[in-house]
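The following exercises invite the reader to examine a structure step by step. Each task is followed by a worked solution.

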Amino acid sequence: MTKGVVNIFRSVVGSMAVALSALLLVACENTKAAAPAAPPPEVSVAAVVTQTVPVTSEWIASLDGYVNAQVRPQVSGYLLKRNYREGAVVRRGEVLFEIDRRPFEAVLAQAKAQLAQAEAQLGRTARDVERDTPLAREKAIAQSQLDNDIQANLAAQATVQSSKALLETAQLNVEFTKVTSLVDGVAAIATAQIGDLVGPNTLLTTVSQIAPIKAYFAVSEQEYLGMAARINRGGADQQPWDAKAGLELILSDGSVFPKKGSFIAADREVDPKTGTIRLSASFPNPGNILRPGQYGRVRANTRTLVDAQLIPQRAVSELQGGFRARVVGPDHRIGTRAVTVGDRLGSMLVIKSGLKPGEQVAVDGAQFAKDGDVVTPKPFTVPAKGE
């Protein structure tokens, strides 16, 4: 009796397990059938725009004084005094250094005495000629004596001229003991110290005219050919780039110098080692902010593109030497298009061929979408700086 009850219980439990499994299977199938399909991925798109834009070029530039005058003494002697403040603005003719002048004053006094002696000798010979001329005419003295008097007078005149030249040289040497600035500008730190024995080969300091200041930069041969006609046309106001926009100077900290520069000259030759030619430009420098030796970048609008097609640079990828863009059609299906790129203008890229104005190109979010997939386009917004 007990064994029969157990068998009946096992049979009932088995039937319930089978029924429960069937119910779970039906529920899972219903759940799968009710799950919605995944929505198309969102893709940021931007339209191909047509604009007339200036093309900007940048070059590395180094700054130098408009004039760099090396201050060297013209006489040798011991340096006694420095009269200027290092790094300060000096004027042309301002005395910067003084050399011991006592040896030169002694030479000057000697030259004055020699001139006086020569002038006395000239006076004596002149009187001899004046006295002997009528005597020789009357045959009272030999003609040769008069000839000797005349020659002695000419020699005395030459001696006077030589003595005057020596005196002038001695006076100049005394003046040269005061070493002056040749130009208006900023004087560098002195390279000679008080008490040094200096001479014409000694560099005392350098004075640089930095208002305006020069900028030197090298452009490629191809860039030069593009502006050669404007450079060689001549004219004081002729500029090889957009004269209205001017030449901008970007400093090492990334700031743009507020004053615009202007073209000065192009060098005579292209450097065969680098394939570049050096240009020079000048920048106003109020307050002497810019100094020789600084580096920066100069920027100019070198040409203008009319009706250029532009898209964000991020919308273009490079693959095996070619460039590709993902295009989203009116049916929201995405595809890949080969494009030919041109100049880069900030965050935008010029497209020479491969796209049409108004077409939508994918910028972000299309990396996992395959060609032919449907996507959800949304307008691309340029991220703010720092994001």
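**Exercise 1: The surroundings of Asp-100**

Asp-100 is found in the loop between β5 and α2. The model in which it appears is a predicted one.

Task: Determine whether Asp-100 is buried or exposed, and identify which residues it contacts beyond its neighbours within four places in sequence.

Solution. Step 1: the relative accessible area of Asp-100 is 11%. Buried means under 20%, and Asp-100 is therefore buried. Step 2: leaving aside neighbours within four places in sequence, Asp-100 is in contact with Tyr-78, Leu-80 and Thr-177. Step 3: the side chain of Asp-100 is also joined to that of Arg-102 by a polar contact of 3.0 Å.

**Exercise 2: The sheet**

Task: State the order of the strands in the open sheet of four strands, and find which strands stand at the edges.

Solution. Step 1: the order is β6-β5-β3-β8, and the pairing is antiparallel. Step 2: β6 and β8 (197-198) each have a single partner strand, so they stand at the edges and one side of each lacks a neighbour in the sheet. Step 3: the antiparallel pairing of β3 with β8 runs over two bridges. Step 4: Leu-197 in β8 is the bridge partner of Tyr-78, a residue already met among the contacts of Asp-100.

**Exercise 3: Two helices**

Task: Compare the reach of α2 with its expected span, do likewise for α3, and establish what the buried residues of α2 pack against.

Solution. Step 1: helix α2 comprises residues 102-137, which is 36 residues, and spans 53 Å from its first C-alpha to its last, close to the expected 52 Å. Step 2: α3 has 34 residues and reaches 50 Å between its first and last C-alpha, close to the expected 50 Å. Step 3: the buried residues of α2 include Phe-104, Leu-108, Leu-115 and Val-129, and the buried residues of this helix pack against α3 (143-176). Step 4: in α3, the buried residues include Leu-146, Val-160, Leu-167 and Val-174. The cover over the buried residues of α3 includes α2 and β6 (178-180). Step 5: after α2 comes Lys-139, with a positive phi near 65°.

**Exercise 4: Aromatic pairs and charges over rings**

Task: State how many aromatic pairs the structure holds, and explain why the pair of Tyr-84 and Phe-97 ties together separate parts of the sequence.

Solution. Step 1: there are five aromatic pairs. Step 2: in one of them, Tyr-84 and Phe-97 lie 5.6 Å apart, centre to centre, with 75° between the planes, and the pair is edge-to-face. Step 3: Tyr-84 is in the loop between β3 (77-82) and β4 (89-90), while Phe-97 is in strand β5 (residues 95-99), so the pair ties together parts that are 13 residues apart in sequence. Step 4: both partners are buried, Tyr-84 with a relative accessible area of 4% and Phe-97 with 0%. Step 5: Phe-217 and Trp-241 form a tilted pair, at 6.2 Å centre to centre and 40° between the planes. Step 6: Phe-217 belongs to strand β9 (residues 205-220) and Trp-241 to the loop between α4 (221-232) and β10 (248-250), so this pair ties together parts that are 24 residues apart in sequence. Step 7: Phe-217 and Trp-241 join Trp-59 and Phe-263 in one aromatic cluster. Step 8: the charged end of Arg-82 sits over the ring of Tyr-84, 5.7 Å from its centre, and Lys-214 lies over the face of Tyr-66, 5.1 Å from the ring centre.

Conventions
Residues are numbered from 1 along each chain as its sequence is written. This is a predicted model: local features need pLDDT of at least 70, side-chain atom pairs count only at pLDDT 80 or more; totals for chains, interfaces and linings use all residues. Side-chain values use heavy atoms; hydrogens and water are left out. Rings of Phe, Tyr and Trp (its six-membered ring) pair if their centres lie within 6.5 Å; planes under 30 degrees apart count as stacked, over 60 as edge-to-face and the rest as tilted. Buried means under 20% relative accessible area, exposed over 50%, partly exposed in between (1.4 Å probe, protein chains only). A charge sits over a ring if NZ of Lys or CZ of Arg is within 6 Å of the ring centre and within 35 degrees of the ring normal. The expected span of a helix is 1.5 Å times one less than its number of residues. Contact means heavy atoms within 4.5 Å. Two strands pair if DSSP finds at least two bridges between them. A polar contact is a pair of N or O atoms within 3.5 Å; within protein, one must be able to donate a hydrogen and the other to accept it, and residues adjacent in sequence count only if both atoms are side-chain atoms.
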